[in-house]
Amino acid sequence: MWLRELRISNFRKIDRLTVSLPRGLAVLVGENNSGKTAIIDALRIILFSSRDFDSLRLSEDDFRSGTDYAPIEISCTFTGLTDEDEVHFQECLVDVGHGKFEMQVSAHIEFNKATSRCSVRLWGGETEGGSLPSTHYDRLATIYLQPLRDPERGLRPGRHSQVSRLVNSLTAEDQHEKFETIVKDANEKIRSLEPVKEATADINAQMRAIAGDELTQMTELTFTDPSFRRIIAGLQPEIEGLPFALNGLGYNNLIFTSATLGTLRRSTQFSFRSVLVEEPEAHLHPQLQVLLLRHLAEVALDEEGNEVQVIASSHSPILASQAPIESIVSVHEVEERVTTVSVCTIEMEDATKRKLQRFLDATRAELFFARRILMVEGIAETLLLPVLARIAGGCLKGSAVTVLNADGLNFNAFLPLFGTKRLSAPVAILTDGDAGEVGGDPSATAKGLKAKEANLPNLRVEISEITFEHELARSEEMLPHMVSAFKTLHPVKGTTLDAALGALASPDERASAFLEVFTDTRVSKGHFAQELAETLATTELSKFAVPVYIRNALEHLGVIGSGSQD
């Protein structure tokens with residue numbers, strides 16, 4: 001079975017929140033302090049028994065501020081139960097119709113002001129106050145990997161090391177004797193060594209001298225305790241012939257995570273197995289981040305009955321870009337309320353989903369962390385918009401705007417993520433109208449994008465008359481700098497163009513002439529934008545040098561104030 005839904009009320013900064021989780025891997029992404037850790041900790045409260053050393057210790061600070069310690073409510077719904085699960089969790093079942101059941105467990109947490117203590121009441125099923133079977137947690141296995149974890153501690157020899165747990169889960173009861181026989185034999189051989197025999201005799205002689213023959217007890221030196229539990233507690237990793245303690249944190253993190261996953265996958269006695277991991281990217285370089293994520297995704301969807309649900313929180317765009325698109329759960333704080341958007345709940349065609357997956361490289365995946373998003377067609381706009389925003393009187397970075405390059409007209413691949421009950425950050429799209437002339441009819445594609453505004457309240461689509469470069473060239477302040485940048489790339493054609501433009505009367509004529517030469521020359525838009533951005537970076541122009549459609553988009557995103565057209 002797997003965890004389908006988590007509901008939280010009055011926990012830390014969370015007022016009321018429902019989180020839909022996909023089967024297998026779920027990656028909670030969002031900026032710092034958006035609520036990801038609160039979600040993970042809510043799961044720790046309800047997935048761990050109170051006896052577990054990884055369970056969360058609650059305090060008065062965990063109750064939502066301003067509510068006078070209103071009770072914390074947490075509820076989890078599990079689906080995909082087997083017949084055996086239904087028998088074991090029968091007191092926790094919820095009838096969902098058609099002969100199917102889900103398992104629900106809830107927590108009600110109160111704070112006692114007189115004693116400054118928290119009381120936790122757990123129950124199963126729909127009716128509050130119902131009992132929770134004493135064996136409930138016997139069938140649930142969850143391991144929590146904290147952020148900035150110390151993997152050496154988890155790998156260090158001991159009864160609770162991940163290596164010890166893994167070996168124990170792999171060893172049948174009738175195999176214990178094999179371990180013990182080997183160690184007993186080793187002990188005998190070590191005791192027979194002359195230095196050990198002499199040391200033993202010396203200790204016993206000293207003891208007789210101190211306590212006398214009547215009170216002295218014979219001492220033996222042993223290599224290790226020959227009991228199975230003690231033997232496996234002493235196991236530790238060795239990498240390339242060196243102790244694990246000499247490894248870097250990143251590699252030890254991988255070993256620790258591998259042992260953790262191995263333990264869970266081999267623990268077939270559990271109905272539900274999960275890993276809660278904060279910042280799986282900790283101490284890992286980008287390539288290892290990607291490889292670890294792929295492995296987590298594979299383990300989470302093991303079809304051989306060893307499924308482990310992996311719920312990870314991250315603020316790494318690399319992980320967000322490489323995670324299966326349906327695993328993404330975007331966490332945001334909007335108007336002081338924590339909200340989530342689970343991509344698995346968004347209806348979109350398979351072709352669109354595959355296209356979006358391909359486009360979510362490390363840069364575009366920043367949209368899941370963004371407070372404001374500016375989507376553009378290509379590299380030229382991406383390079384020039386920061387300097388154009390400065391000229392217009394604003395700052396993209398200062399306004400927390402993420403510029404997303406849709407690489408042409410691929411906006412529709414991203415738009416399903418936005419709208420009511422989806423990603424609610426303000427979004428602006430800059431696109432070319434591709435009209436035949438100034439004042440002409442925009443293309444069907446441009447008009448179709450503009451029509452999307454009707455159903456997406458957080459979307460603003462701004463359309464140039466013809467193209468981005470043409471719109472910039474219509475500005476009498478901007479055009480000389482564009483010609484200068486063009487001359488840098490093509491000195492001869494640039495000089496000829498400069499002379500030809502001087503003979504034209506209107507800004508629209510000059511813009512059309514510039515665009516014709518620019519297009520015919522097949523100038524690299526990226527190279528041209530680099531040159532123009534370099535020129536504009538040290539040039540003072542008025543805000544009116546920036547095309548109106550760009551200023552409109554910047555105003556929608558709050559980069560510049562209203563009335564910027566005056």
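**Close-up 1. Buried and exposed residues of helix α5.** In α5, three residues are buried, namely H176, V183 and N187. Looking down the axis of α5, you will find these buried residues within an arc of 45 degrees, so they line one face of the helix. Turned away from that buried side is a face with the exposed residues E177, K178, I182 and K189. The helix itself covers residues 176-191, 16 residues in total, and spans 23 Å from its first C-alpha to its last, close to the 22 Å expected at 1.5 Å a residue. A reminder for reading this view: an α-helix has 3.6 residues a turn, so residues three or four places apart point the same way. Please keep in mind that this view, like the others here, shows a predicted model.

**Close-up 2. The hairpin of β1 and β2.** Strand β1 (residues 2-11) and strand β2 (residues 14-20) run antiparallel and are joined by six bridges. To find your way across the pair, start at I8, which stands opposite L17 in β2. Two residues lie between the strands of this hairpin. One residue to look for in the turn is R12, with a positive phi of about 55 degrees. R12 belongs to the loop between β1 and β2, and its relative accessible area of 23% makes it partly exposed. A second positive phi in a residue other than glycine, near 60 degrees, belongs to N10. N10 sits in strand β1 and is buried, with a relative accessible area of 15%. For context, most residues other than glycine have a negative phi.

**Close-up 3. Strand β11, covered on both faces.** Strand β11 covers residues 272-278, and seven of its seven residues are buried, so the strand is largely enclosed by the rest of the structure. On one side you will see F272, S274, L276 and E278, and on the other R273, V275 and V277, all of them buried. This view is easier to follow with one rule in mind: in a regular strand the side chains alternate between the two faces of the sheet.

**Close-up 4. The strands paired with β11.** Strand β8 (residues 140-145) pairs with β11 in the parallel sense, over six bridges. A handy landmark here is L140, which stands opposite F272 in β11. Strand β12 (residues 309-314) also runs parallel to β11, and five bridges join the two. In this second pairing, E278 stands opposite S313 in β12. Back in β8, look for I143, a buried residue with a relative accessible area of 8%. I143 and F48 are 95 residues apart in sequence, while their C-alpha atoms are 8.7 Å apart in space.

**Close-up 5. A salt bridge between D85 and R139.** The side chains of D85 and R139 meet in a salt bridge, with an N to O distance of 3.7 Å. This pair links distant parts of the chain, 54 residues apart: D85 is in helix α2 (residues 83-88), and R139 is in the loop between β7 (117-124) and β8. Are the two partners buried or exposed? D85 is buried, with a relative accessible area of 3%, and R139 also counts as buried, at 14% relative accessibility.

**Close-up 6. Further salt bridges.** The structure holds 25 salt bridges, and this view visits a few more. R4, E5, R7 and E102 are linked in a network of salt bridges. Within this network, E5 pairs with R4, their closest N and O atoms being 3.9 Å apart. E5 counts as buried at 15% relative accessibility, whereas R4 is partly exposed, with a relative accessible area of 29%. Elsewhere, the side chains of R474 and E471 meet at 3.0 Å, N to O. Here R474 counts as partly exposed at 24% relative accessibility, and E471 is buried, with a relative accessible area of 11%. As a general note, side chains of opposite charge can pair when their charged atoms come close.

**Close-up 7. A nonpolar surface patch.** I203, M207 and I210 make a nonpolar patch of about 280 Å² on the surface. Of these residues, M207 lies in helix α6 (residues 194-215). M207 is partly exposed, with a relative accessible area of 34%.

Technical notes. Residues are numbered from 1 along each chain as its sequence is written. This is a predicted model: local features need pLDDT of at least 70, side-chain atom pairs count only at pLDDT 80 or more; totals for chains, interfaces and linings use all residues. Side-chain values use heavy atoms; hydrogens and water are left out. Helices (H or I, at least four residues) and strands (E, at least two) are DSSP runs, numbered from the N terminus. The expected span of a helix is 1.5 Å times one less than its number of residues. Buried means under 20% relative accessible area, exposed over 50%, partly exposed in between (1.4 Å probe, protein chains only). The arc is that of the directions from the helix axis to the C-beta atoms. Two strands pair if DSSP finds at least two bridges between them. Patches are made of residues with over 30% relative accessible area and no salt bridge: like charges are joined within 9 Å, nonpolar side chains (Val, Leu, Ile, Met, Phe, Trp, Tyr) within 5 Å. Accessible areas come from the Shrake-Rupley method with a 1.4 Å probe; for residues, only the protein chains shown count as cover. A salt bridge is a side-chain nitrogen of Lys or Arg within 4 Å of a carboxyl oxygen of Asp or Glu.
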